[in-house]
Amino acid sequence: MKTVSVCFVCLGNICRSPTAEAVMRRLADEAKLADRILIDSAGTGDWHIGAPPDERAQYAARQRGYALDALRGRQITAADFARFDLLVAMDERNVAALHRLCPPGQRDKIRLLMEFVPDADDRWTGTREVADPYFGGADGFELVLDQCEAACRGLIAALRAQVLK
Ligand code: 4NP
């Protein structure tokens with residue numbers, strides 16, 4: 001059985017990437033691909049290692065039925081490039097951090113989450129980043145969820161078509 005492994009990457013691993021992880025788990029489950037898509041998340045920064053997701057991210061996610069409380073922050077390492085097929089970053093800053101860490105020959109594994117928004121979803125056409133909600137208000141966390149839901153739907157479709165045939 002073919003499998004694919006995906007690690008979502010943001011700065012702190014307490015807002016955006018745990019949200020993407022939870023959204024992707026639910027969509028993989030709904031698509032009956034939970035045993036084929038291995039899902040994790042990590043941060044490029046080290047400030048929140050071992051910490052649970054931000055309360056505001058947990059609250060916003062809970063309103064949509066996603067539980068983030070069991071997740072804990074961790075920092076991405078060069079070894080993650082061997083463990084994962086795709087490292088899916090939330091913004092260009094994190095793409096750049098991944099490029100600095102990346103072993104030779106592994107750069108193709110680094111992608112931006114918003115690349116996977118389906119063409120039909122014109123809300124997000126041309127949007128390349130999931131913006132950092134940490135220093136903003138509650139609406140930023142809603143936006144993160146909206147973007148993760150749209151892009152993870154596209155990511156599941158891409159994986160099903162290209163990898164899990
Ligand atoms: P995240 O958000 O990268 O989506 O987890 C942030 C969390 C913490 C910080 C920045 C962004 N921080 O500066 O501590």
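Reader: How far is an oxygen atom of the ligand from a polar backbone atom of leucine 11?
Author: Happy to help! This is a predicted model, and a polar contact here is a pair of N or O atoms within 3.5 Å. For leucine 11, the partner on the protein side is a polar backbone atom, and its distance from a ligand oxygen is 2.9 Å.

Reader: Which residue places an N or O atom of its side chain 2.8 Å from an oxygen atom of the ligand?
Author: Let's sort the contacts by the part of the residue involved. Isoleucine 14 uses a backbone N or O atom, 3.0 Å from a ligand oxygen. The side-chain contact at 2.8 Å belongs to histidine 48.

Reader: How much of the area that the ligand exposes when taken alone does the protein bury?
Author: Good thing to ask next! Start with the ligand taken alone, which exposes 350 Å². Of that area, the protein buries 92%.

Reader: What is the volume of the largest pocket?
Author: This is a nice place to look, as the ligand sits in the largest pocket. Its lining includes Leu11, Ile14, Trp47 and His48. The volume of this pocket is about 160 Å³.

Reader: How many residues in the shell around the ligand are charged?
Author: The shell includes Arg16 and Asp132, and both Asp and Arg count as charged. Besides six nonpolar and three polar residues, the number of charged residues in the shell is two.

How values were computed. Residues numbered from 1 in each chain as written. Predicted model: local features only at pLDDT ≥ 70, side-chain atom pairs only at ≥ 80, totals over all residues. Heavy atoms only, no water. Near = heavy atom within 4 Å. Polar contact = N/O pair within 3.5 Å; in protein donor to acceptor, adjacent residues only side chain to side chain. Areas by Shrake-Rupley, 256 points an atom, 1.4 Å probe, with all protein chains shown as cover. 1 Å grid on protein atoms, 1.4 Å probe; cavity = no way out; pocket = protein on both sides within 12 Å on 5 of 7 lines; lining within 4 Å. Sits in = over half its atoms within 2 Å of the grid points. Points joined across faces, edges and corners; volume = space filled by probe spheres on them.
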